[in-house]
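Welcome, and thank you for taking a look at this one. Let us walk through it together, one part at a time.

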Amino acid sequence: MGVSEAVSTFVKDGIRLRSGGIGLRKPFALLNEVVRQKKRDLTFLLAGWTEDADLIVGAGCAPRLEGSYFGLEALGLSHNYRRAFEQGIPQPIKIEEYSNFGMTMRFMAAALGLPFMPIKSHLGSDLVKYNPLLAKKAAVIDCPFTGEKVMLLPACQADVAFVHAQRADGQGNVQIWGQWAEDQWGCGASKVVVAEVEEIVDEDIVRRDPNRTILPAMMVTAIVETPFGAHPYQCQGYYDFDRPFRRMYAEMTRTRQGFEQYLQDWVFGPGSHDGYLKKLGQDRLDALRAKPMFSEPVNYGY
Amino acid sequence: MATDGKFSLQELMAVCAAREIRNDDVVFVGTGLPMLGSMLAKRTHAPDAVLVYESGVVDARPKRTPWSIGDGCLVPDSAMVAGLLEVFGLLLQRGRVSVGFLGAAQIDPYGNLNSSVIGEYYAAKVRLPGSGGGNDIGSLAHRTVIMMGQDKRKFVEKVDYITTPGFLAGPGAREAAGLPRGGPDAVISNLGVYRFDAQSKRIFLETYHPGVTLDQVKENVQWALAVAPYAAETKPPHADELRLLRDELDPDGIFLGGG
């Protein structure tokens, strides 16, 4: 399936959409297409948002968010987020806030088929004091066994989860290495999982190294082959951050006009993920490619 | 800037961060200056300190300055790679993280932190990034070290929003809220280093940075600041520490400026 078809088939206006990765493996090929197809009224979900949510909020796709961090890390505050929250541009947004661990536990609850998860953070803070979206966002109980105070957070279900992974086979078994972030739980919490991968490989390659599979095919709805699909983020073993690109994004999004120019230059103008890669150019992509740092093969024999 | 011309405030703050790390610590590292401070500690007095990163890396030994908590350079040469659940759950919530680093836009005298909104929650003047892992670290690490800029709008009598609990309303408040352990141990600002009184749980000044006067520190706090009777100037960085920071840990000036 192609990027365009995957988005038009699975992402309907009004759904709960989960992005992927924290600080790495962001599913930008799919997210750029969500913007191109002008999806609207989404509830956007994740633990750690950076440019992914800044783009989706700036493009007017998502007036509601449930999550925990919204900034550009070393590059500072998220400008589209601030404009939407502080000035209602391009539309007002509401966010239901938790912590990174809290969102992970909420996804995990949904992934395990449970209605809530207990957690020992959030207690005493204002994170649970304001609930602009959910009728009930958290509850403190006295543990029925020990009597200690425990915070309960409700399960967070998604309609569609995106994830960017290194590889999958034709059946849809998805393999990731490097940091997992909360991708297994976020995908497990979703009815539909769309995985964009660097490579679709022979089934044999996956089955000779099954410990690397984080999503078996039964949990995956569609696979999209998107080399450099996480650009300008990293994908372990494939490519590094594109630091000048991320600096450019942070700079251009300082003004609404600059962001609209970005959309024209890098989302609508190129028209597709292939067009985007063409615009980046082979030399730039080659310069980002990961160094070879192979581990020893392991013996799966018995 | 308050320096003697031989080192910058960022460099001094990174060195102060390193000094908070002990050789037997398990450190929950954030991005920026705490990352540099942690790497500096490992290269100097705390080679056995274990650095953990929230995207899933345990005992990282990165060969370049990570740009992000999820930077792939943290993975090769680490002891274990998993995900958020393992680092926040198996390590932090279980009580295996001895020290965590935090940043914020506002702090109050009990070390409560705001990194969410300036102003009323539903009519925010400035919308900030929110908790990230901050609330979890402040709730669950055995001790925390806070690094932030200081002025009267940041060191406030009452924070606009408690993103991350310090000592909440004072003695006994963390326990009453159900938090299992922890609380702030030090605050490193661009003007000085602070500790918390064991009884009152309120902040006091321990050292002021070279070139900064005690009056300057007090002027940049909203409340009547307590000062340790032994308060003195912050010890400046060693030449070795500066060399490591500049030449090896942040040669491009990503976090020390100029990058």
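Before we start, one term is needed: a residue is called buried if 20 or more other C-beta atoms lie within 10 Å of its own. Please also keep in mind that what you see is a predicted model.

With that term in hand, turn to strand S10 of chain A, which spans residues 158-169. How many of its residues are buried? The count is 11 of 12, so by the definition just given, 11 of these residues have 20 or more other C-beta atoms within 10 Å of their own. S10(A) is mostly covered.

Which strands pair with S10(A)? Strand S1 of chain A, residues 16-18, runs parallel to S10(A), and 2 bridges join them. Here Arg18(A) has Ala161(A) in S10(A) as its bridge partner. Strand S12 of chain A, residues 190-201, also pairs with S10(A) in the parallel sense, this time over 10 bridges. In that pairing, Asp169(A) is matched with Val201(A) in S12(A). Strand S11 of chain A, residues 174-175, runs antiparallel to S10(A), with 2 bridges between them. Arg167(A) stands opposite Gln175(A) of S11(A). S10(A) and S11(A) make a hairpin with 4 residues between the two strands. In the turn you can find Gly172(A), with a positive phi of about 105°.

Now step back to see chain A as a whole. Chain A holds 11 helices and 14 strands. Its C-alpha atoms fill a box of roughly 60 × 60 × 35 Å along the principal axes. For 302 residues, a compact globule would have a radius of gyration near 19 Å, and chain A agrees with this because its own value is 19 Å. Of the 302 residues in chain A, 53% are buried. Contacts that span the sequence are also worth a look: among those between residues at least 6 apart in chain A, 72% join residues at least 24 apart.

A helix of chain A gives another view of burial. Helix H3 of chain A covers residues 51-58, and 8 of its 8 residues are buried, so the helix is largely enclosed by the rest of the structure. Those residues are Glu51(A), Asp52(A), Ala53(A), Asp54(A), Leu55(A), Ile56(A), Val57(A) and Gly58(A). After H3(A) comes Gly60(A), whose phi is positive, near 75°.

Chain A also has an open sheet of 3 strands, in the order S7-S9-S8, with antiparallel pairing. Strand S7 (116-119) and strand S8 (139-142) of chain A are its edge strands, each pairing on one side only. On average, neighbouring strands in this sheet are turned by 35° against each other, direction ignored. S8(A) pairs with strand S9 of chain A, residues 149-154, over 4 bridges. One matched pair in this sheet is Asp142(A) with Lys149(A) of S9(A). Across S7 and S9 of chain A lies helix H5 of chain A, residues 100-111, which runs at about 145° to S7(A).

Let us move on to chain B. Here 10 strands form an open sheet with mixed pairing, in the order S4-S3-S2-S1-S5-S10-S11-S12-S13-S14. Strand S4 (80-81) and strand S14 (226-233) of chain B stand at the edges with a single partner strand each, so one side of each has no neighbour in the sheet. Within this sheet, strand S1 (residues 26-28) and strand S2 (residues 50-53) of chain B pair in the parallel sense over 3 bridges. Phe28(B) stands opposite Val52(B) in S2(B).

Two helices of chain B pack together: helix H2 (residues 33-43) and helix H7 (residues 239-249), at an angle of about 115° and with their axes 11 Å apart. The crossing of H2(B) past H7(B) is right-handed. From H2(B), Leu36(B), Met39(B), Leu40(B) and Arg43(B) meet Glu241(B), Leu244(B), Leu245(B) and Leu249(B) of H7(B). By class, the residues of this contact are 6 nonpolar, no polar and 2 charged.

Finally, where do the chains meet? The contact takes 47 residues from chain A and 46 residues from chain B. In chain B, helix H3 (84-93), strand S9 (123-127), helix H4 (134-140) and helix H5 (173-177) each supply at least two residues of the side that touches chain A. That side of chain B has 22 nonpolar, 19 polar and 5 charged residues.

Terms used
Residues are numbered from 1 along each chain as its sequence is written. Chains are lettered from A and ligands numbered from 1 in the order in which they are written. This is a predicted model: local features need pLDDT of at least 70, side-chain atom pairs count only at pLDDT 80 or more; totals for chains, interfaces and linings use all residues. Two residues are in contact if their C-beta atoms, placed from the backbone, lie within 7 Å. Ala, Val, Leu, Ile, Met, Phe, Trp, Tyr, Cys and Pro count as nonpolar, Asp, Glu, Lys and Arg as charged, and the others, Gly among them, as polar. Two strands pair if DSSP finds at least two bridges between them. Axes are lines fitted to C-alpha atoms, for helices over the stretch in contact, and angles run from 0 to 180 degrees between N-to-C directions. A crossing is left-handed if the near helix is turned anticlockwise from the far one by less than a right angle, and right-handed if clockwise. The radius of gyration is taken over C-alpha atoms; the globule rule is 2.2 Å times the number of residues to the power 0.38.
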